[in-house]
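Visitor: I've got a structure here and no idea where to start. Could you walk me through it, question by question?

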Amino acid sequence: MLELTSGELRQMRTELGYTLPGTAVIQTRTLTADGQGGQVQTYAAASTVDARLSPESLRGMEGELAGRIAEVSPWILTVAAETAITEADRGVYNTVTYEVSEVPTRTPWELSRRVRLQEVD
């Protein structure tokens, strides 16, 4: 197996960056006390990154969203390699908010990061 040099990897990541025509705001979750012994989730913008959003499939699937049954249309958000994003985060693309449902395992030569999203109602 041939090894990529750091220069080759950097050049490939740069080229891939040209295919990210939009921007996404990555929001991180914070849990705060609600004053009644529970917690409330709030989200705040952590970063703005170049991105591309595409549907994962042509049809939605029935699934659970926010504790109820709903039609869920999965999306794929592609961002630059090594972008900090977790399954506790949200992404906002073209003013639409999405919850991160999966961050697949990275490969040794990560050229971009792709995460699975679900639209928040």
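Visitor: Which residue does Arg 116 form a salt bridge with?
Guide: A salt bridge here is a side-chain nitrogen of Lys or Arg within 4 Å of a carboxyl oxygen of Asp or Glu. For Arg 116, the closest N and O atoms of the pair are 2.5 Å apart. The partner is Glu 56.

Visitor: What should I know about the model itself?
Guide: This is a predicted model, where local features need pLDDT of at least 70, side-chain atom pairs count only at pLDDT 80 or more, and totals for chains, interfaces and linings use all residues. Residues are numbered from 1 along each chain as its sequence is written, and side-chain values use heavy atoms, with hydrogens and water left out.

Visitor: Back to that pair: how many residues apart are Arg 116 and Glu 56?
Guide: Strands are DSSP runs (E, at least two residues), numbered from the N terminus. Arg 116 sits in strand 8 (residues 112-119), while Glu 56 is in the loop between strand 2 (39-55) and strand 3 (61-65). So the pair links distant parts of the chain, and the gap is 60 residues.

Visitor: Is Arg 116 buried, exposed or partly exposed?
Guide: Buried means under 20% relative accessible area, exposed over 50%, and partly exposed in between (1.4 Å probe, protein chains only). Arg 116 has a relative accessible area of 25%, and its partner Glu 56 has 34%. Because 25% falls between the two cut-offs, Arg 116 is partly exposed.

Visitor: Which residues are linked in a network of salt bridges?
Guide: The structure holds 5 salt bridges. Some of them join up into a network, and its members are Glu 56, Glu 102 and Arg 116.

Visitor: What about Arg 90: which residue is its bridge partner in strand 7?
Guide: Strand 6 (residues 90-93) contains Arg 90. Strands 6 and 7 pair in the antiparallel sense over 4 bridges, where pairing takes at least two DSSP bridges between two strands. The side chain of Arg 90 also makes a salt bridge with that partner (3.4 Å, N to O). The partner is Glu 99.

Visitor: Is Arg 90 buried or exposed?
Guide: Arg 90 and Val 92 point one way from strand 6, with Gly 91 and Tyr 93 pointing the other way. The relative accessibility of Arg 90 is 18%, while Glu 99 is partly exposed at 31%. Since 18% is under the 20% cut-off, Arg 90 is buried.

Visitor: In what order do the strands close into a barrel?
Guide: The barrel has 6 strands, and the pairing is antiparallel. Among the pairs, strand 1 and strand 6 share 4 bridges, and strand 5 joins strand 8 through 7 bridges. The order is 1-2-5-8-7-6.

Visitor: Which strand gives the most to the largest nonpolar core?
Guide: A nonpolar core is a set of buried Ala, Val, Leu, Ile, Met, Phe, Trp, Tyr and Cys residues joined through side-chain atoms within 4.5 Å. The largest one has 13 residues, and Leu 77 and Tyr 93 are among those that touch the most other members. With 3 residues, the top giver is strand 2.

Visitor: And which residue stands opposite Leu 77 in strand 8?
Guide: Leaving aside neighbours within four places in sequence, Leu 77 is in contact (heavy atoms within 4.5 Å) with residues including Ala 24, Ala 51 and Tyr 93. Another of its contacts is also the residue opposite, Val 115.
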